[in-house]
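Reader: I would like to know how the labels given to parts of a structure are justified. Please take them one at a time.

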Amino acid sequence: MRKFWYYLACIAVCAFAPACSDDNDDPDPDPITPVEPTEPTEETWELIPSTPITTENATMSVNGADALSNATMALKTTSATEGSLTLNNVLPGYPSIEIPVTLTEGTDQVNFKAATTLTTPPALNSDILSALMGRAELPLYDLATEGWVTTAGKANLTLTTAFTKEAQGGLTGNWNFNTSLGVTAEGMITSSPLQMTWTPVDYTQPNMMQTAQLVNLFGSCELCQLFNQLQLCDDGNLTALYYPAQKIDATAALGAIDQTTMSIINLHADDAWVQSPKNLVMYYVDDTYIYILLNIPAIINQVATDKGEEAPSITLDTATMTQYLAVLTELGVKTDVLMLKASEWLNKGVPLRYEKSDTGLKLYVDRELAAPIIEALLPALPSLNAYLANADEETLATIQTIFTMLGITSLDDIATIWTDNTDAWEVALNFTAAD
């Protein structure tokens, strides 16, 4: 029994001995494992792609209309609050625009916003002919844009333009063609929607007054079947209410005049006028002129659409242009003058003079504006006369009838009248303010 208690005591001493040892003899019971340093997490603005985004991945709206299919946008972020937006082929007439923008970060996207002023006019046909003339420098468009770009490269853009006060020139608004004819007791047309003035120095010598009267009568009748209203929009677009030409009976239009009111009758009054789309024609105004910029490929495409046809492919390569110019030069046309003027118009816009009153608007070309073009064409008249002289007998009789109606004996008379017997020359479009 004594041995039992002895062994039990030995076991107890062995069991409790570790609990009585000094704490300092034990290593750290809960050691901290060192954490490897990591790179800071990138912010959203740093993850936005700066490469161009196409219309496949972006919704782009320009003055309420979809941007063209070749439009691209690229947002370059420089901080969480600043960046720059590059727009290529988004705004008609401006192949590339770079705009400083302010940014705000969202979930997986940044939102941008900006406002700026454009000081150069659009050049809608810059790839058809190279620009040879300088462009105006005046405040034209107040431009505003907003939208967003995601880290995945999706985007949304809304772009709006508004004319500056300087570029509006007080002409913004809707203008109806003045369909009334002013006629004297002798039957001379003194005012019309399309009005040509060709006043001679000497009324006893050959002149073009008779030609001008025919233009005023028949030209106005045809024009008023085609167009009803000119719309000078505050975003720089020039639009119109029109009627497709292929639906008009041109022969019937020539006599469409109400003899009681002396106004032109609308032969398709039962059909609504068609609203032309935006981005076909642009305009801007300075102190002297209203400049009309024609988007020629877009206009041709719209004409094809009106006819229900497929839009033609439009190319003007150097070889084709050279061929056309060679033919004109052989006829006697001063093609160097035409090329210079055409390049100026394609780049800067076709200039028209304007006069505005409380109730009306007149857009016109005077002799000074027309002279470079007309005088470049006049040298070709002898060649055309020689060509017509070889026509068959029936055709010659028809030509002579036309010459008699115009008040001339041959095409050569036109050059003589322009040079020696023209006191005033003008072609005008006359409008009244829409209600």
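Author: This is a predicted model. A first case is C221, which is buried, with a relative accessible area of 0%.

Reader: Why is C221 called buried?

Author: Buried means under 20% relative accessible area. C221 has 0%, so the label applies. C224 is also judged by this cut-off: its value is 6%, so C224 is buried.

Reader: How do you know that C221 is in no disulfide?

Author: The nearest cysteine sulfur, that of C224, is 7.6 Å away. A disulfide needs two cysteine sulfur atoms within 2.5 Å, and 7.6 Å is too far for a bond. The structure holds zero disulfides.

Reader: What makes N237 buried?

Author: N237 has 1% relative accessibility, and the cut-off is under 20%, so N237 counts as buried. N237 lies in the loop between β14 (227–232) and β15 (238–242). Leaving aside neighbours within four places in sequence, the contacts of N237 include N63, Q231, K278 and Y283.

Reader: What makes β1 and β3 edge strands?

Author: They belong to an open sheet of nine strands, in the order β1-β4-β5-β6-β7-β8-β9-β2-β3, with mixed pairing. β1 (53–54) and β3 (65–66) each have a single partner strand, so one side of each is left without a neighbour in the sheet.

Reader: How do you know that β2 and β3 pair?

Author: Pairing requires at least two bridges. Strand β2 (residues 58–62) and β3 have two bridges, in the antiparallel sense, so they count as a pair. V62 stands opposite A65 in β3.

Note on methods
Residues are numbered from 1 along each chain as its sequence is written. This is a predicted model: local features need pLDDT of at least 70, side-chain atom pairs count only at pLDDT 80 or more; totals for chains, interfaces and linings use all residues. Side-chain values use heavy atoms; hydrogens and water are left out. Helices (H or I, at least four residues) and strands (E, at least two) are DSSP runs, numbered from the N terminus. Buried means under 20% relative accessible area, exposed over 50%, partly exposed in between (1.4 Å probe, protein chains only). Contact means heavy atoms within 4.5 Å.
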